[in-house]
Amino acid sequence: MSHAEHPPYLQHHFETPEQQFDAGKIGIWLFLATEILLFGGLFCAYAIYRANHPEIFVYAHQFLDKTLGGTNTVILLCSSLTMAWAVRASQLGQKKLLILLLSLTLLGGFGFMGIKFVEYQQKWKHGLLPGAHFAPHEEGHDAVAAVAAKPTPPVSVGAAHRTTIPASAEGPGGTVPPASADLALREGPTRRPNNVQVFFSIYFLMTGLHGLHVLVGMIAIGWVLVRSARGHFGPEYYTPVDFVGLYWHLVDLIWIFLFPLLYLIGT
Amino acid sequence: MTPHAHARVGHVVPLRVLVVVLAALLMLTYVTVEVSRHDFGRFNLWIALGVAVVKAALVLLFFMHLKYDRPFNAVIIIVSLAVLMLFIVIALQDTTQYRPTQIPGYAPSIKTNTQ
């Protein structure tokens with residue numbers, strides 16, 4: 001191939017556009033693999049805490065708004081479609097459609113972060129914060145008010161532990177009084193078990209890291225949007241659109257697991 | 001211009017496929033929300049995870065082009081998911097080897113044979 005035929009987007013160390021595209025693609029998939037392992041540590045922490053303390057998760061997930069979480073799931077899924085469609089548009093050289101679809105994807109990102117902001121603000125207002133900052137005042141919280149208004153629904157975890165043996169008034173010397181967390185389970189989800197702040201630590205870390213990824217994805221989409229408006233992409237070169245798309249889909253993928261694991265724990 | 005300069009790289013996914021995948025994803029989201037409203041005991045978690053895995057597979061195969069991609073990219077992602085599974089399963093196996101009931105009230109939902 002002579003220099004005259006060398007397209008401007010092809011780096012000189014690659015033989016063909018196809019080789020360049022495939023090499024970049026391996027790179028982005030390796031990066032996505034490291035992202036999965038990064039979130040994997042948090043998923044592992046979640047699994048261990050939920051296996052050992054199901055009562056905390058059953059109780060605390062009531063403070064998450066299923067409607068807002070579900071809306072965010074739908075927003076992310078739709079923005080994934082517009083992103084995949086944008087890649088298609090760039091492959092086919094449909095510049096106007098590409099710009100429209102990237103804008104819609106970016107709008108989805110703004111929608112997601114907006115709803116996330118509302119959710120975080122509610123948690124902040126009710127003192128539902130991670131670790132040492134956990135200082136709940138649930139009285140004003142809709143979730144608790146709704147639960148308190150209904151006849152207490154039995155918690156399946158606690159039901160297995162119902163006992164007919166009456167609790168002793170006071171334990172023998174050296175033992176602690178009957179565990180309050182145990183009582184909390186029997187009395188339904190309106191009583192708070194111990195160590196609920198662990199749930200909110202996990203919640204804020206997982207959704208926070210995910211939200212950070214959404215922000216980075218939005219910046220990347222903005223960059224690709226500007227470049228596509230300048231006409232940089234076409235059927236023979238659309239690599240940045242494709243790779244930003246893969247990243248955006250990974251962000252969607254992680255939310256697909258976060259939503260049921262955090263918001264949809266039990267009835 | 002040589003035909004080479006305009007050679008298309010990658011695979012163009014039909015729009016119909018993309019729209020059908022989105023419809024399936026939205027339907028599965030509805031299923032997982034609806035299932036969470038009913039009490040299936042411990043199966044709730046497994047149904048939720050199963051639905052999430054199917055949704056993830058749809059996104060990977062069609063939105064992320066893995067179905068049409070070079071198999072090596074699929075190998076990368078499958079290996080990383082397998083390693084993650086190994087990590088979580090071994091950690092979960094390990095955490096059951098201790099006595100969470102050592103501290104009264106610490107893990108009130110855990111049943112042990114020692115009690």
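Q: In which helix of chain A does Thr105(A) lie?
A: This is a predicted model, where local features need pLDDT of at least 70, side-chain atom pairs count only at pLDDT 80 or more, and totals for chains, interfaces and linings use all residues. Residues are numbered from 1 along each chain as its sequence is written, while chains are lettered from A and ligands numbered from 1 in the order in which they are written. Helices (H or I, at least four residues) and strands (E, at least two) are DSSP runs, numbered from the N terminus. By that numbering, Thr105(A) belongs to helix H4 of chain A.

Q: Is Thr105(A) buried or exposed?
A: We can decide by counting C-beta atoms, placed from the backbone: 20 or more others within 10 Å make a residue buried, 12 or fewer make it exposed, and anything in between is partly exposed. Thr105(A) has 26 C-beta neighbours inside 10 Å, so it counts as buried.

Q: Which residues does Thr105(A) touch, not counting those up to four places away in sequence?
A: Two residues are in contact if their C-beta atoms, placed from the backbone, lie within 7 Å. With residues up to four places away left out, the partners of Thr105(A) are Ser79(A), Thr82(A), Met83(A), Ala86(A), Ile221(A) and Trp248(A).

Q: Which residues touch the most other members of the largest nonpolar core?
A: A nonpolar core is a set of buried Ala, Val, Leu, Ile, Met, Phe, Trp, Tyr and Cys residues joined through C-beta atoms within 7 Å. The largest one here has 71 residues. Those touching the most other members are Ala60(A), Ala86(A), Leu102(A), Phe199(A) and Ile221(A).

Q: Which element gives the most residues to this core?
A: Chain A contributes two or more residues from each of H1, H2, H3, helix H4 (95-125), helix H8 (197-229) and H9, and chain B does so from helix H1 (15-36) and helix H2 (43-63). The biggest giver, with 17 residues, is H9(A).

Q: What is Leu102(A) in contact with, leaving aside its neighbours within four places in sequence?
A: Leu102(A) is one of the core residues that touch the most other members. Its contacts beyond four places in sequence are Ala86(A), Ile221(A), Val224(A), Leu225(A) and Ser228(A).

Q: How many helices are there in chain A?
A: Reading from the N terminus on, the elements run α-α-α-α-α-α-α-α-α. Chain A has 0 strands, and its number of helices is 9.

Q: How many helices are there in chain B?
A: Along the sequence, chain B follows the pattern α-α-α. Chain B has 0 strands, and its helices number 3.

Q: What percentage of the residues of chain A count as buried?
A: Let's look at each chain in turn. Chain B has 115 residues, of which 19% are buried. Chain A has 267 residues, and its buried portion is 36%.

Q: Which helix gives the largest share of the side of chain A that touches chain B?
A: In total, 58 residues of chain A are in contact with 50 residues of chain B. The elements of chain A giving two or more residues to its side are helix H1 (17-52), helix H2 (54-60), helix H3 (66-91), helix H6 (156-159), helix H7 (180-186) and helix H9 (239-263). The largest share, 19 residues, comes from H1(A).

Q: How many residues of each class are on the side of chain A that touches chain B?
A: Ala, Val, Leu, Ile, Met, Phe, Trp, Tyr, Cys and Pro count as nonpolar, Asp, Glu, Lys and Arg as charged, and the others, Gly among them, as polar. Sorted this way, that side of chain A has 35 nonpolar, 13 polar and 10 charged residues.

Q: How far does H8(A) reach from its first C-alpha to its last?
A: The expected span of a helix is 1.5 Å times one less than its number of residues. H8(A) has 33 residues, with an expected span of 48 Å. Close to that value, its reach is 47 Å.

Q: Which loop holds His65(B)?
A: Most residues other than glycine have a negative phi. His65(B) has a positive phi, near 65°. With 22 C-beta neighbours inside 10 Å, His65(B) counts as buried. Its place is the loop between H2 and helix H3 (71-95) of chain B.

Q: What is the phi of Asn195(A) near?
A: Asn195(A) is in the loop between H7 and H8 of chain A. With 18 other C-beta atoms within 10 Å, it is partly exposed. Its phi is positive, near 60°.
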